[in-house]
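Here is a friendly walk through one protein chain, from single residues up to the overall fold. Have a look at the model first, and then we can go through it together.

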Amino acid sequence: MKRLSILIFIIFLINAIAFSQTSVVMADNNGSSVSTCNGTLTLGSYTGGETIVTTVCSDDALNHHIVATISSYSFPAGTQMCVYDGTSTSAPLLVCWDNTTSGTVAAFAQNTNESGCLTFEFTSTVGGASITGALACQFVCPAQIILDVVSTDPPLVNDGGIDYVNVCWDETNGQSETVTFNAEGTYPSVGGYTLDDDHVTFTWEFNDGSPEESGVGLSQVTHNFPAQQGYTVIVTIEDSQGCINTNAVTQRVRVSRNPIWNTTTTVVNPTAICMGEPVTMCGYFSSETWNSSITPAIADTVSLPDCSGVCYDSDLVQNQFLPGQTLESVNDLNAICMNLEHSYLGDLTIDIQCPSGQSVTLEQQGGGSTHLGEPIDNGYVDNNTVPGVGYWYCITPTASQTLASAASSYSTLPAGDYASAESLNGLVGCDLNGLWTITICDNWSADDGYIFGWYIDFDESLFPDVWSYTPEYTPTEWGGLYGAEMEEPTDQNCATGTYLTTSTPDVNSDQPFIFTVTDDFGCTYDTALYVTVYNQNDPNCCVMPYPSAGSDDEICALTYSLNASTPADGNDGYWELIDGLGTASFTDPNSSSTDVTVSLFGEYTFQWTEQYLGNTGCSNTSTVTITFNETFDPTLVEIPDMCISEAPVQIQAVDFGTLSASPVSGAIVDGFFYPEAAGPGVHTITNTVNDPCSGGPLSDNFIVEVFDEIDVINFSETCGPIGSPTLFTVEWDVVGWDDSPTTDYEVNGIGQADPHFTEDIVSPNAYNYTVTDLNGCSEFPITGFRDCGCPLFAGTMGSLQTIVLCQNECTEPDVTHNGDEETDGGAGVFEFMIHTGNNVPLAYSNTPNFCSGDIPGFSFNTIYYVSAICGLPSGGHANISSGCYSISQGTHVMWQQNPIASAGSNRDTCGLVLQMAANTPEPGMYGYWSSTCEFFTVGGTSYTDPDALIMASAFNTCTMTWNIVNGECTASDDVTIGFLETPNPYAGDDITVCGNEATMACVASLPSSTLTWSGT
């Protein structure tokens, strides 16, 4: 890589542009700074003993660094001019000129000088000094342009402090898998042009024989490497001004390498088997190490044409060292060797700069007209178009003579070792990796030359060991193709397996066992070991077994001990379920004697298969049918005695059979005992179960008594003659559930001997009675108020019997009034109220009709009372709190919540058994299943369970209904279930044909079945 940076200065300008120059007179600008890129520099008048300091800076944003070329000077003893690389005398010292200086001299700002300014300091003890020089500006590359590979895909892996990209090999395409590299630059702040990743040219060198990739903004590239080895990828950036990164950026890539399979020990044994016979296989491998090599870095050829005041750069990128490695001693620098030819050594200054920005002058304009190498010394005739012959000149820390001092003895300086003009100790601390630059400045006219390359001879102790890598492999898996079966473990060097069948079981074939290993990069490699598998009917393999599964049997349990014939030596066998209502699990399906447990009672068929030497193609079967009978327990759970109006009670039993009631058979409906249907008296409930395991029916029973309930009828209240006192009579009749008169009742806790109750009460007065039966089943609170001196009378309600309503029903027509009210010719207000028994109205109505929505704070299962009232008008209603008023006895009403039933979704099932999925009734409600088809509940469930397990008696489409009952209120929902028969087609007998065509014949097991063929 090379870069030409031209430092142009002009000593003499033609008169036409002389007016544009800036004349910098140091004596006139002492202590100040001047900005110019085109001017002259003179000392001016001064007095001996005076010190003059002037700073010159560039006024060009791009060409930012000052160059001063002194064409004439006079420095008497006691005078000196020093130049500093910056804006003050505290900046680094570049050079000092005094009475020992000769020839044309120049100074220029270094790239580490961000200001680009030069500071000139003149000191004197005497007068008489003078200088005349030209000022110009040049572009200088920034000191630190840093480039890094920030990420890759696959990601970077740090190994021993060095980042690597580990990538797998693509066997199919014969190259590595794709690697993506991402680089980023870190740039100093510069003026005059844009410096960022989008405006620099990235160049990627993959060192694999492929062309380099280069482009502006090419910070990401993808690449596939052509061989299974290590690579060092080098990336550089060059900005629009030809500047490149100062650090060396290399990225090591390790491509996975195939294992070396040991063909002697990687074997299968035996090499031919019958299906199912075991095979032992072993795989062994070794690794091959890859080693890198170091190629010395030599810079490219750079022409050195004649251009007075021009500097030429030759760049060399070092990348062989460890990241961060520095030059710790000058003794580690054997030599800096340059291949040069030039016709005038005294014309040249030669500097070297390291990646850290430190620089050393190797040659400082000495040696006069001595030649370097064998130049073409024709003055301006060839214009440097024909190169001469270069000699190797090495600058070493141990040589005694510089190029300039040795040149006085030669017209052509011999090749060899020479000392540096400045100590090479100035390079101690430099980064070894990165951009090293040699700058050769042509200070005088009329001569030219070439540098044909150069290199740095570092001590071999600095170089790291040649990098290498040795893959490590781990056995991952043994496997095979269709029909292969492996025994665990399968991640070892050796494994055991077999082929139970093949994709072509009727012919002998070679089948692979595939051994896979994984290297430490995560890449997999495999090799195949082949075994010959005989066909299933090969005479060497097949001896047909004739097993017996045992005799058919019955059992009263869900678990049965199966006992088949013991397989012959080397044979094996297995059990499987062929048919049955539920599922089956075997204790050991591969043992001829095993226990089997089924999920549902019923008839099951099991098959025992025996295989000759494990060969599935050489096997035979036998079946056995076992009936699992359920053992039934008819034990009932007793229910308590109850009143005749109570809600039906669900009968519970361990196992249900046939429920019956005596003496009233209709008292049992759908598993519920209905006391109203049974009637008052003692009843016997019986559960009869047909138990096949005990050989006959079993039964259990209990006795429950239903208590009669009473009703209060013919209620009246009648005023007697007005007198002192005036009496009114309250009376009613008491009847039983069958409406016949009864004396089995109490009034306010006192037993009565007459079914007709009457009592005289002094008017005006309230009355309050509670009529109950002797068993606590009926209760009639009778309250009212009568003032016989008041012409207003509310009359009497039609019934005192409690009326039960569903949530969307209202009290009419069940609640009535006898129409016997008296309003005194319309003077009083007659209406109805609903209350909770305390005569405090919750709502009013002109009729005895009330709905649940009319009642503030309404709640289900609460007794409310509907009473007629009559009183003087007050606030739009009858006044029943004072004065003349009347309140009738109340009719009891109670609302019950409507149930909601959901039977689930319509669906089909293959078989006769299905799990239902209905909603669970709310507390206090009960549910039960009914159907258009005959069905049974199994699995310990009941038809009252929402998730009952039901079994249909035949294949059919059935409507199942889920019913929920809440007292007088009911709800139901239907679900359609298709109980479908499972098809069992027959493909026909096995056949053998000559040729590649065969006629197949299959038989459907069901008329509606659709048959299709498939195969391998």
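Let us begin at P663, which is found in the loop between β57 (658-662) and β58 (668-669). Helices and strands here are DSSP runs (H or I of at least four residues for a helix, E of at least two for a strand), numbered from the N terminus. A cis peptide bond joins S662 and P663, with omega at about 15 degrees. The model is a predicted one, in which local features need pLDDT of at least 70 and side-chain atom pairs count only at pLDDT 80 or more, while totals for chains, interfaces and linings use all residues. Residues are numbered from 1 along each chain as its sequence is written, and side-chain values use heavy atoms, with hydrogens and water left out.

A cis bond is also present from E812 to P813, where omega is near 10 degrees. P813 lies in the loop between β69 (803-806) and β70 (829-835).

**Backbone with positive phi**

Which residue of strand β62 comes up next? It is N714. Phi of N714 is near 55 degrees, a positive value in a residue other than glycine. N714 counts as exposed because its relative accessibility is 52%; the classes are buried for under 20% relative accessible area, exposed for over 50%, and partly exposed in between (1.4 Å probe, protein chains only).

D739 has a positive phi as well, near 70 degrees, and is not a glycine either. D739 sits in the loop between β63 (727-735) and β64 (745-747). With 59% relative accessibility, D739 counts as exposed.

**Salt bridges**

Side chains of opposite charge can pair when their charged atoms come close. A salt bridge is counted where a side-chain nitrogen of Lys or Arg lies within 4 Å of a carboxyl oxygen of Asp or Glu. How many salt bridges does this rule give? The count is three, and the table gives their N to O distances.

| Residue | Partner | N to O distance |
|---|---|---|
| D159 | R254 | 3.2 Å |
| R257 | E288 | 3.4 Å |
| R786 | E717 | 3.3 Å |

Take the salt bridge of D159 and R254. D159 belongs to strand β13 and R254 to strand β22 (residues 250-255), so the pair ties together parts that are 95 residues apart in sequence. D159 is partly exposed at 40% relative accessibility, whereas R254 is buried at 6%.

Now for the salt bridge between R257 and E288. This pair links distant parts of the chain, 31 residues apart: R257 is in the loop between β22 and β23 (260-261), and E288 is in the loop between β27 (285-286) and β28 (290-291). R257 is buried, with a relative accessible area of 11%, while E288 is partly exposed, with 44%.

That leaves R786 and E717, whose side chains also meet in a salt bridge. Since R786 lies in strand β68 (residues 779-786) and E717 in strand β62 (residues 711-719), the pair ties together parts that are 69 residues apart in sequence. Are these two residues buried or exposed? Both R786 and E717 are buried.

**A charged patch**

On the surface, D552, D553, E554, D579 and E603 form a negative patch. One of these residues, E603, lies in strand β51 (residues 602-612) and counts as exposed, with 52% relative accessibility. Patch members have over 30% relative accessible area and no salt bridge, and like charges are joined within 9 Å.

**Across the chain**

G160 lies in the loop between β13 (156-159) and β14 (162-167). G160 is exposed, with a relative accessible area of 76%. The C-alpha atoms of G160 and A77 are 61 Å apart, although 83 residues separate the two along the chain.

M925 is placed in the loop between β78 (913-915) and β79 (926-931). M925 counts as buried, given its relative accessibility of 13%. From M925 to T194 the C-alpha distance is 85 Å, with their positions 731 residues apart in sequence.

Zooming out, the chain contains two helices and 83 strands. Its C-alpha trace spans about 165 × 105 × 50 Å along the principal axes. The chain has a radius of gyration of 58 Å, whereas a compact globule of 1016 residues would be near 31 Å; the radius is taken over C-alpha atoms, and the globule rule is 2.2 Å times the number of residues to the power 0.38. Of the 1016 residues, 45% count as buried.

Note on methods. Patch = residues over 30% accessible without salt bridge, like charges linked within 9 Å, V, L, I, M, F, W, Y side chains within 5 Å. Areas by Shrake-Rupley, 256 points an atom, 1.4 Å probe, with all protein chains shown as cover. Lys, Arg positive; Asp, Glu negative; His and termini not counted. Charge placed at Lys NZ, Arg CZ, Asp CG, Glu CD.
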